Each structure stands twice: as C-alpha cells, then as structure tokens.
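Open your viewer and clear any old selections. This tour goes from one helix to two pockets.

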Amino acid sequence: MAASLPPSRPRIPGSGLAKGLAVTLRTMTKKSVTAQYPDAQPDLPPRTRGVIGLFEENCTVCMLCARECPDWCIYIDSHKETVPAATPGGRERSRNVLDRFAIDFALCMYCGICIEVCPFDALFWSPEFEYAETDIHDLTHERDKLREWMWTVPAPPALDPAAEEPKEVATARKTAEKLAAAQAEPQEGES
C-alpha cells in the first residue's frame, strides 16, 4: 500500500517575503566582524604565499627555476668567471656569476614550482602581499627587491622533538664518536 501524503497547507500570500525580511532583520542586529584592511593588518597563516624572496648567496645560476616555470616569468642573466687555482699546480675553475634575477609578478601564478625545484634553497615564500603598482611594467621585480623580501621570510617550523634523528646526522655523530674514541686510546696508553 502506498504511503499517503500529508495534507498540504494552504499558502499564505507574502509568507516568503516575510521570511526573507526576518532573516534580514536578524542579520542587521548582529555586530559586524569586518576588519578594515589598511588600518588593521590581516592575521596571515604561517605558510602564506605572498611573494618570492631570493637568497642570492645560494643561487648558482643553474636555471632550473626559469626552465620549470610554466609562465616563463623568471628572467636570469649570468656570465662565467674564472677562479684561480686554490693550490699551486691546480687547475683553474669557472663558475657562473648572477647578473640579473627578475620575476614578473604580472605573469606569475604563484604555483611555487620554482621554489620546489631549487636545489640550493635560494628561493622562499615571503608573506608580503602589498606590492601593488600603478603600471604593469613595474611588477617585474629585480634581485635587489627580491633580496629585501628574503628578510621577511618566516623561520621554518621547529622540528618534532619525538622525530627520528636524520640518517646523515646520526652517521656524522657516530663517525665523530669513533674518531674521539680512537684519539683517546693512545693517550690512555701513554700514561
């Protein structure tokens, strides 16, 4: 047997309008929580993607960031420089010297690929986001501006104290302990 439907109530004309006005009146009586942006700075999460900061000392001009960028918004220029031999009879070395490192933030889509592929930790996310310009050509920031943003990069989160010690650190510690023990043995035999 089919379930019977409850009897329908007659609709009162204007009941939908009354419900909508009731919601509006309820909302009007609540206090607003809007933060007035220029006067009150927003509380940003720690991993905010604002702009990209450059730690120039770590950059080896490997060009990975520019090659992997899907927007081609990173411009790098460099030249080779010859470094004299460190020891007599050694050979001269050549190294890349950074001439220009610029990012066009008008093209950048903030994907973070450049930061992820950098093998030398030269690029970091900075939480700075107030860099608006009146001309779109001024959104290409050179390395001195990127270096300024580097100093606004927050410190990395603390390591978990209950975490396992990294293999590299454990190996280095064991090697140092063995060397210290080997040096201590001859001194004990001398006395």
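Start with residues 15-29, which form helix H1. Keep in mind that the model is predicted. H1 has 15 residues. From its first C-alpha to its last, H1 reaches 22 Å, close to the 21 Å expected at 1.5 Å a residue.

Now colour H1 by accessibility. How many of its 15 residues are buried? The count is 0, with buried taken as under 20% relative accessible area. H1 is hardly covered.

Next, go to the largest pocket. Its volume is about 520 Å³. Select Pro 46, Arg 47, Phe 124, Trp 125 and Pro 154. Of the 17 lining residues, these five lie nearest the centre of the pocket. Then show helix H3 (113-117) and strand S4 (123-126), the elements that give two or more residues to this lining. Which one gives the largest share of the lining? S4 does, with 3 residues.

Colour the lining of the largest pocket by class. There are 11 nonpolar residues, along with 3 polar and 3 charged ones.

Move on to the second largest pocket, with a volume of about 170 Å³. Select Arg 9, Pro 10, Arg 11 and Ile 12, then add Ser 15 and Lys 19 to complete its lining. Ser 15 lies in the range of H1, residues 15-29, and so does Lys 19. By class, this lining has 3 charged, 2 nonpolar and 1 polar residues.

Last, keep both pockets on screen: about 520 Å³ for the largest, about 170 Å³ for the second largest.

Conventions:
Residues are numbered from 1 along each chain as its sequence is written. This is a predicted model: local features need pLDDT of at least 70, side-chain atom pairs count only at pLDDT 80 or more; totals for chains, interfaces and linings use all residues. Side-chain values use heavy atoms; hydrogens and water are left out. Helices (H or I, at least four residues) and strands (E, at least two) are DSSP runs, numbered from the N terminus. The expected span of a helix is 1.5 Å times one less than its number of residues. Buried means under 20% relative accessible area, exposed over 50%, partly exposed in between (1.4 Å probe, protein chains only). On a 1 Å grid over the protein atoms alone, a cavity is a set of points where a 1.4 Å probe fits but cannot get out, and a pocket is an open set with protein on both sides within 12 Å along at least five of seven lines; lining residues have an atom within 4 Å of a point. Grid points are joined across faces, edges and corners, and a volume is the space filled by probe spheres set on the points. Ala, Val, Leu, Ile, Met, Phe, Trp, Tyr, Cys and Pro count as nonpolar, Asp, Glu, Lys and Arg as charged, and the others, Gly among them, as polar.
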